[in-house]
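Reader: I would like to go through two helices and ask how each label was reached. Please set the values against the definitions.

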Amino acid sequence: MEFMSDIVSLLSATLRISTPLIFAAMAGLFAERSGVIDFGLEGKMLAAAFVAATGAYFLGSPWFGLILAIVCCVSLSLLHGFASVTHKGDQVVSCVAINILMIGLTTALAAAWFGEEGLTPTLNDDQRFFEINLPFADALRPIPILGTIYSDIISGHYIFVYIAYILVPIVYWVVFKTSFGLRLRAVGENPSAVDTAGIGVYATRYKALMINGVLVAFAGAYLSTAINANFFREMSAGRGYLALAALIFGKWHPKTALLACLLFGFTDALQIRLQGVELPIIGVIPVQFIQAIPYVLTVVLLAGFVGKAIAPRAIGQPYIKEG
Amino acid sequence: MVSPILELSNINKSFGHVQANKEVSLAINKGTIHGIIGENGAGKSTLMSIVYGFYQADSGTISINGNIVNLKSPRDSIESGIGMVHQHFMLVENFSVLENIILGFEGEIVFGKKLDEAKKNLLNLCETYKLNIDLNSIISDLSVGFRQRVEILKALYRGAEILILDEPTGVLTPQEVDELFKILRSLQQEGKTIVLITHKLNEIMDLTSNVTVMRQGEIAGHKKTQLTNKEELAEMMVGRSVLLRINKSPLKKGDVVFRVNNLQVKDDLDVLRVKNVNFEINEGEILGLAGVTGNGQTELLEALSGIRKVESGEIQLFEETISDKNNFLNPKDLKEKGLAHVPEDRQRMGLITNFKANENLIFGYHHQQPFSKSSVLVESEILSYSKKVMNDYDVRPQAPNLITSNFSGGNQQKIILSRELNKNPKVLLVGQPTRGVDIGAIEFIHQRLIDMRDKGAAILLVSVELEEVLSLSDRIVVMFDGKIVGEKVNQNVTDREIGLLMAGIS
């Protein structure tokens with residue numbers, strides 16, 4: 001029976017760990033489908049985590065923290081747009097600037113406001129999100145398999161987790177079944193076609209970037225006001241890059257990007273589970289190796305399997321009118 | 001008196017210091033096909049982009065049906081009944097025909113009822129004008145001719161009464177051109193007004209009832225097509241009389257100097273693009289290679305010039321194998337053996353466009369005397385050489401220190417040509433020598449190629465301009481899907497015959 005409970009906790013952890021990746025990947029999807037590279041998911045996630053924790057601490061509610069994080073991330077996305085859409089700057093450089101700036105700024109502000117290098121005060125229960133037990137979770141638990149899946153794997157997560165999984169079909173619907181989605185995809189493929197159809201290329205890209213800001217804010221807030229009770233230095237820990245990798249691995253499609261996020265989430269859950277565990281024959285693997293698994297997987301997948309991933313054609317290119 | 005549906009008066013437009021349109025006035029009558037002809041850079045496309053709302057004029061007015069309109073964006077123009085088929089198609093390649101057409105005119109936030117209505121309307125339009133398009137096909141699966149029809153359908157769906165076509169035939173086979181002209185005539189019969197921008201005189205004579213000639217951003221004149229002829233129009237375009245027929249002395253064929261045996265070449269994606277190709281070229285002969293873009297000509301030319309590996313077969317220069325499966329000589333060695341290459345894509349392969357003209361004029365020979373002594377460039381020699389060559393080849397402006405990208409297409413091509421021809425090569429490989437080159441420079445370039453031939457060089461001319469191949473070549477081979485599908489001695493061969501071969505119908 002221990003094996004069963006291992007599986008259950010592994011799957012439950014996968015859902016939990018994948019959540020910020022899903023938010024960030026969906027955020028990245030909007031930006032990149034519109035033709036704007038978003039390498040800055042990492043920095044924005046970090047900023048959102050800091051702002052959400054700080055906001056929740058001062059205002060007493062994690063919801064206020066989340067709202068402030070959204071405002072912060074939308075601003076950063078617009079800044080990225082201002083540099084790379086309006087002023088046609090290099091999109092990667094703009095993203096790198098945001099990432100580096102946010103590492104420094106969050107650390108420095110935390111030191112200035114709370115006296116501790118890169119830490120915000122621990123939030124109390126009112127200031128952070130709590131886990132939700134779904135209705136009848138306890139009652140249904142005895143049912144074999146289905147009950148376990150419902151009560152022990154699906155139930156008992158933060159609200160973010162549920163939002164994330166509802167989000168993916170909504171993103172799919174917006175991108176493929178609405179006129180905004182059509183324009184979004186067109187502007188990332190051939191902005192001239194959009195321009196000659198009388199639609200603003202910049203306006204479409206800015207709209208995409210605003211949605212991007214809102215979604216990535218959820219990823220950051222989840223880190224500092226849900227699964228953790230404070231912000232700490234560089235707490236995004238490469239999740240922004242991982243989400244981008246999942247997006248590329250998922251070929252810029254919501255469904256496959258979700259699967260990629262789950263895969264990364266699963267390997268991360270696995271490495272946590274494997275730490276310190278004695279395996280047959282091999283023995284205990286040093287923790288550093290185990291922790292490297294998700295990142296090694298990212299490199300292998302990106303290098304080996306996505307050779308045929310076709311990026312939006314106009315990605316990374318500022319739109320310049322030609323006659 | 002028919003009233004004009006579209007009237008432009010005193011349009012001016014500048015980009016920086018360049019005045020693209022200068023006091024342009026023009027009236028187009030309803031229900032006519034009106035031609036606008038001029039050399040590259042004469043300002044035709046700029047003018048039509050202003051009408052389409054893509055650019056805004058610095059001054060001047062546009063009236064539609066007698067009312068002055070203010071066209072601030074393509075949206076305004078579309079709503080005023082103007083449609084445009086751009087030279088480079090404005091289509092999203094991985095979208096379906098339907099998605100491309102409704103883009104921007106979806107009429108609803110979430111797809112549903114309006115989408116069904118759109119489908120019905122489009123089917124009706126296809127029926128009326130016999131466009132024969134499947135709305136669900138993906139653009140990247142369609143031939144160039146069909147993509148153009150999608151553009152026409154798109155404009156019609158958006159309610160175009162005036163349809164502007166910018167150089168519509170540049171990428172089409174002769175048969176596709178026929179189809180296009182049929183469609184345009186049927187549009188005219190339904191009362192649509194068509195503006196045809198072109199630099200091809202034949203099209204003007206075939207299709208239009210009125211023609212406006214532009215030169216250097218200004219109107220050079222308006223004519224009724226029936227009351228003019230090609231020679232007069234060409235003279236108006238260039239500003240001086242132009243030789244439309246090339247004077248060619250009779251063929252003096254020498255030995256075979258260049259031979260290709262069973263050649264196979266793959267492209268970068270490992271797809272076989274040249275399939276079992278055989279031909280030979282004699283001294284004093286121009287061999288024309290015709291074909292629609294993308295049928296393996298590019299890969300063939302690259303293999304012949306030593307910049308692409310040969311998959312199998314061999315290439316021989318003076319009976320010596322220069323390239324086969326196992327090894328190939330690089331362009332530097334080939335140059336020394338007397339082979340010169342004018343690449344198809346001059347900006348990417350022929351020039352370093354942000355270098356100065358004099359650097360490009362000697363590039364490839366820069367390590368030789370007198371340009372270089374003990375590995376140091378001798379600036380004074382390079383400069384005096386450049387001045388002389390630019391004078392010989394009539395490169396304008398004659399400014400050796402000017403950055404190459406500031407020269408027009410024709411003058412850039414002359415820079416390459418002078419570099420490659422000045423060493424008197426025995427074999428000359430030329431790709432698209434006059435693509436994007438104005439008519440005056442075309443005449444000059446053609447004459448130089450003929451001169452080389454008369455001096456005994458063996459020339460391979462690869463061109464998608466059928467007219468060019470027909471007028472220069474002594475012998476013509478046609479390439480389709482990587483294979484040579486026909487060979488004709490250039491006497492009494494018609495563009496129809498070659499066209500059928502180019503389309504793979506034979």
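Reader: What makes H5(B) largely enclosed by the rest of the structure?

Author: 11 of the 14 residues of H5(B) are buried (under 20% relative accessible area with a 1.4 Å probe, protein chains only; exposed is over 50%, partly exposed in between), so the helix is largely enclosed. Among the buried residues are B:Arg147, B:Glu151 and B:Lys154. This is a predicted model, where local features need pLDDT of at least 70 and side-chain atom pairs count only at pLDDT 80 or more. Residues are numbered from 1 along each chain as its sequence is written.

Reader: What do the buried residues of H5(B) pack against?

Author: Their partners in chain B include helix H4 (113-129), strand S7 (162-166) and helix H6 (174-189), with contact meaning heavy atoms within 4.5 Å.

Reader: How do you know that the span of H5(B) agrees with its 14 residues?

Author: The expected span is 1.5 Å times one less than the number of residues. For H5(B) that gives 20 Å, and its end C-alpha atoms are 20 Å apart, so the two agree.

Reader: Which residues of H13(B) are buried, and why are they said to line one face of the helix?

Author: The buried residues are B:Ile382, B:Tyr385, B:Ser386, B:Val389 and B:Met390. Seen down the axis of H13(B), they fall within an arc of 130° (taken from the directions from the helix axis to the C-beta atoms), so they line one face. On the other side, B:Ser380 and B:Lys388 are exposed.

Reader: What covers that buried face of H13(B)?

Author: The cover includes helix H12 (357-362), strand S18 (376-377) and helix H14 (409-421) of chain B.

Terms used. Chains lettered and ligands numbered in written order. Heavy atoms only, no water. Helix = DSSP H or I, 4+ residues; strand = E, 2+ residues; numbered from the N terminus.
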